[in-house]
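The following exercises practise the reading of a protein model. Each task is followed by a solution in steps.

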Amino acid sequence: MQSLFSAAGRARLDSIVQPGVLCAFDFDGTLAPITSEPGHARMPPDVLQRLLSLSSLTPIAILSGRSLADIRARLGFDPPYVVGNHGLEGMADEAELAAHAALCRAWRAQLERWLAQEPVRGTGILIEDKHYSLSLHYRGAPDHAASLAWLTALAAQLAPTPRMVGGKCVLNLLPPGVADKGSALRELLRRSGAPGAIYVGDDVTDEAVFRLRRAGLLSVRVECIDGSAAEFCIARHADIGRLLDELTSRLRHLETAKAAQLAGPGHAHGL
Ligand SMILES: O=P(O)(O)OC[C@H]1O[C@H](O[C@H]2O[C@H](CO)[C@@H](O)[C@H](O)[C@H]2O)[C@H](O)[C@@H](O)[C@@H]1O
């Protein structure tokens, strides 16, 4: 997996960045650094400033695993496209969402009963209820591997069996057969009519976008690892500011070039 800041990565950026390109981002671990408590995640002020600059030039989309209400409250601005619950919320219709909400309520009640029966094993485990999916966090548990194995075994006993997707010290439980971030990004491309897109993410659920692999989509993973389907990577979350600057400067350059072209040769010579 090559760095986005390599010669090949820059060439790919040059080819994908056109007026109207959709710039899509995951939130936790991408725009905001990972924190020990899910409720403490914040976008650093300099990242927000850069995102605002970019949003004045091209449409922005946020595709988060968080609920829509939660992610909107954390953004500090109102981009044209925000999708929550790993590609589900903001895409599915009301009737579908109501069925998912009922399912998640039942799953949560059952899981709470099981966790209450084993308080020692349940130490440090947090159920994040996102209405249409659940996240079982074990970052605070003493033995991460044992907690993941136990939670996976519990979730496998739920009916109907959830779609389970791993992540950073988290096991996400989704209603079976629902959309993922990949299908959400395809739909956003259709809705926006954008000529292409860049997507930046850092986690397992982002692989659904990375796997799309199409000429008009540049995918970038935060943290370079083996086994990811992303085309390019940036080494660490702290590099997100540099990535945003690369996008903004290319779009500004295109705008300036277009303005000069519209003004014509006479303008360039002061005539
Ligand atoms: O798709 P994202 O926007 O990246 O959301 C993925 C999950 O992010 C949150 O959990 C993760 O970040 C927390 C804060 O840094 C961290 O404490 C946790 O261990 C991570 O798994 C969020 O709480 C989940 O709902 C999202 O699905």
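Two strands pair if DSSP finds at least two bridges between them; helices (H or I, at least four residues) and strands (E, at least two) are DSSP runs, numbered from the N terminus. The model is predicted: local features need pLDDT of at least 70, side-chain atom pairs count only at pLDDT 80 or more, and totals for chains, interfaces and linings use all residues. Residues are numbered from 1 along each chain as its sequence is written.

**Exercise 1.** Determine how β5 and β6 are joined and place them in their sheet.

*Solution.*
Step 1. β5 and β6 run antiparallel and are joined by four bridges.
Step 2. Within this pairing, leucine 126 stands opposite histidine 137 in β6.
Step 3. The open sheet has four strands in the order β5-β6-β8-β7, with antiparallel pairing.
Step 4. β5 (126-129) and β7 (163-167) are the edge strands, since each pairs on one side only.

**Exercise 2.** Locate the ligand relative to the domains.

*Solution.*
Step 1. The assignment, which is automatic or from a database, gives domain 1 (2-8 + 15-91 + 194-244) and domain 2 (96-174).
Step 2. The C-alpha centres of these domains lie 25 Å apart.
Step 3. Both domains give residues to the shell around the ligand, so the ligand lies between them.
Step 4. From the sheet, β6 (134-137) and β8 (170-174) each supply at least two residues of this shell; a residue is near a molecule or strand if its C-beta atom, placed from the backbone, lies within 6 Å of it.
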